[in-house]
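Welcome aboard! Open your viewer, get your selection tool ready, and let's take a short walk together.

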Amino acid sequence: MSGSEFVPLSLTPLIIGCLAAVACALPGNFLILRRQALIGDAISHVVLPGIVVAFLLTGAISATAMMLGAAVAAVTAVAMIEGIRCFGRIEAGAAMGVVFTAMFAGGVLLLELSDTSGVHLDVEHALYGNLESLIWLDATGWGSLLEIDALKGLPPELFRIAAVVVIIITLLAVFWRPLAISTFDEGFAATLGLPVTVISLGLVIASALAAVAAFDAVGSIIVIAMFICPPAAAHLMTNRLGAQIAWSVGFALASAIVGFVLAGYGPLWIGGTDAVSAAGMIATVSGVILAITAVAGPRRRAVT
Amino acid sequence: MFLEALFFQLGYNATLVTFGATLLGIAAGVTGSFLFFRKRALVSDAISHATLPGVALAFIVMVTLGFDGRNLPGLLLGSAISAALGLFAVQWLSSRTRLTEDAAIGAVLSVFFGFGIVLLTVIQTMSSGRQAGLEGFLLGSTAGMLYADALLIAGGGALALILVAIFRRPMMMASFDPEFARSSGINLDRTDLIMMGLVMGVTVIGLKIVGLILIVALLIIPPVAARFWSDRADRVVVIAGGLGGLSAWIGASASAVAPNLPTGPIIVLTAFAIFTASMLFAPARGLLISAIHHRNFQRGVHIRQGLVSLAQGQPIYEPMTIRLLRAEGLARADGVPTPDGVARASRVLRDEKRWETARSDPALEMAAARYDGLTQIEDVLTPDQIAELDTRIGGPRGVTP
């Protein structure tokens, strides 16, 4: 394959896919260890109503409004789940099931009822994303990476997801110790005077941030795959938190690259003519990686 | 239009669809209750998302073999097989590896769904796939449903209900007390299998109407809503069935009026509205009734303690107590009792003294356990017992020289 074809059509989706996978996998590690994996599930569902409401209020697809809407939706969902759990005395899993399905249903209906034909926002897009369409038409080959004019034509999603990855890495580096302590022993963290509720809520908001940025590129269901599969596979590889995060980033990158290549070129290799969904393939590959670690990972067994 | 739909007057097909949806809602509410009691509500989320690759593969297989790919029984069979695989994967991951059940659920639902999406894009490129309409399985649609399909859904819902009626006892015992169930000779693994099989069945027959993303709501929301109406498990099951049926009935009728909107979200939002109303206003455990109980209890304690203080001539510093006593006409703003208050206070003091005596008597142990500072002893002991207590306390005695 020549650079003149690869750079404009495949380079940017590939990079965006990798960044989205990493952005979700990083907070996913902590969600897994805190037994809150399904918070990732809930968040990725409630991002949809958040974005739709933000769109209806502002009338345009603006990155800031969407991020804000999604973050507000995520916090609303967490507040509702906690409210039902505490006041209604309902088990957390069921409370979560009530809230995220209802909010997702509301988002879908709002989307169907409102006139969004002028913008790129529909239910299918929300579910599978549009990774393949994030192309860089101004590029003519590898040399375009050095041309200012061509670089201006990069899809804005790239900068958005890159900024989110930087923010998440920074947050992780700054709050590493309190986050790690409160993840493994919340009671101990509380006795140290750490604000455990704020840390927990902060993790949810960071996850929402990752979800909404990745949502743009890969759609909501695939976001869940990246929240859960790479960290879960990494959890079966090692007992150390730092190593687990490194493994999870590796697995996320591997899923994104292998998945993207298989989706784009796999069908051609076996004689097909059209590419299949890249987002779906990335999720599938992450599942295959998880299956392999579940069968052969060195730390797969439950601690007895 | 909506009212006509609600009362089955929109033609034979729409009526059958609404009827089928209602039966499905009842079956989902009843089945979901056991899942809720077993604290495994979200397992159904993994099951429902895991149906997608099965639906897509069934379509591909049927088209390849030369049949009509949209044959509903065939698609549902495929979805059942892949849902079973997904369920098995969740069980295996959470029992054989160190991953917790929630991580296993999330992993299975996203991977199966992602693979299903891959297959859907494959179908779109097939020559007969353009008008496959499999997207309807994501969010549900009743538009253009065939007579046979509606019959299949109604029949499936009825069958699920019959199975629940047969297996309700072992499932209930396994949900609340697995150890006891095991010791009474119930095969736990088999009961769990039946329960999950029922959940799978409801999911599969609900795919067409509610869609696979939201069918889980029909399994979770009605039981949670029903929980506010009763503390008894058997009633919760029945109420959940009723609420589920009601949601599906109203939702399907509304969707018959607005055929362009996906059916699933309408049904789910109806269920959520019923849930919200239940959480706020249900007479057994609703928030409103809890708040009223709490307030009455608080008032009772304040008045009682205030009267005890008055009877013993102690000053009252708590502003709320004084306010309540004033409102009842028992005391003045400066904490001095009115004549009414003096009478009530001495009655309360006598009650306290009787309780004190009763609690020191081992023979009255059972009754004394009901002392909570509010219950009057007349409500617990017979007049004879109280008279006996009074002789022990003794009446007011004159001063002996």
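Which residues of helix α8 of chain A are buried? To find out, select residues 176–184 of chain A, keeping in mind that you are looking at a predicted model. The buried residues of this helix are A:Leu179, A:Ser182 and A:Thr183. Why do they sit on the same side of α8(A)? Because they cover an arc of only 105° around the axis, they share one side of the helix. Now turn to the other side of α8(A) and pick out A:Arg177 and A:Phe184, which are exposed.

Next stop: the contact between the chains. Select the 48 residues from chain B and the 51 residues from chain A that make up this contact. Staying with the chain B side, colour α6 (101–125), α7 (136–139), α11 (215–227) and α13 (263–281), the elements that each give two or more residues to it. Of these, α6(B) provides the largest share, with 16 residues. Try colouring by class as well: the side of chain B that touches chain A has 34 nonpolar, eight polar and six charged residues.

Last stop: the annotated spans of chain B. An unreviewed UniProt entry lists several stretches of chain B under "transmembrane region", including residues 146–167 and 236–258. Select residues 146–167 of chain B to see a span that is 95% helix and 0% strand, with its end C-alpha atoms 32 Å apart. Then move on to residues 236–258 of chain B, where the chain is 96% helix and 0% strand. Here the end C-alpha atoms are 32 Å apart.

Terms used. Residues numbered from 1 in each chain as written. Chains lettered and ligands numbered in written order. Predicted model: local features only at pLDDT ≥ 70, side-chain atom pairs only at ≥ 80, totals over all residues. Contact = placed C-beta atoms within 7 Å. Helix = DSSP H or I, 4+ residues; strand = E, 2+ residues; numbered from the N terminus. Nonpolar A, V, L, I, M, F, W, Y, C, P; charged D, E, K, R; others polar. Buried ≥ 20, exposed ≤ 12 C-beta atoms within 10 Å, placed from the backbone. Arc of directions from axis to C-beta. UniProt positions renumbered as here; feature names shortened; annotations may be inferred.
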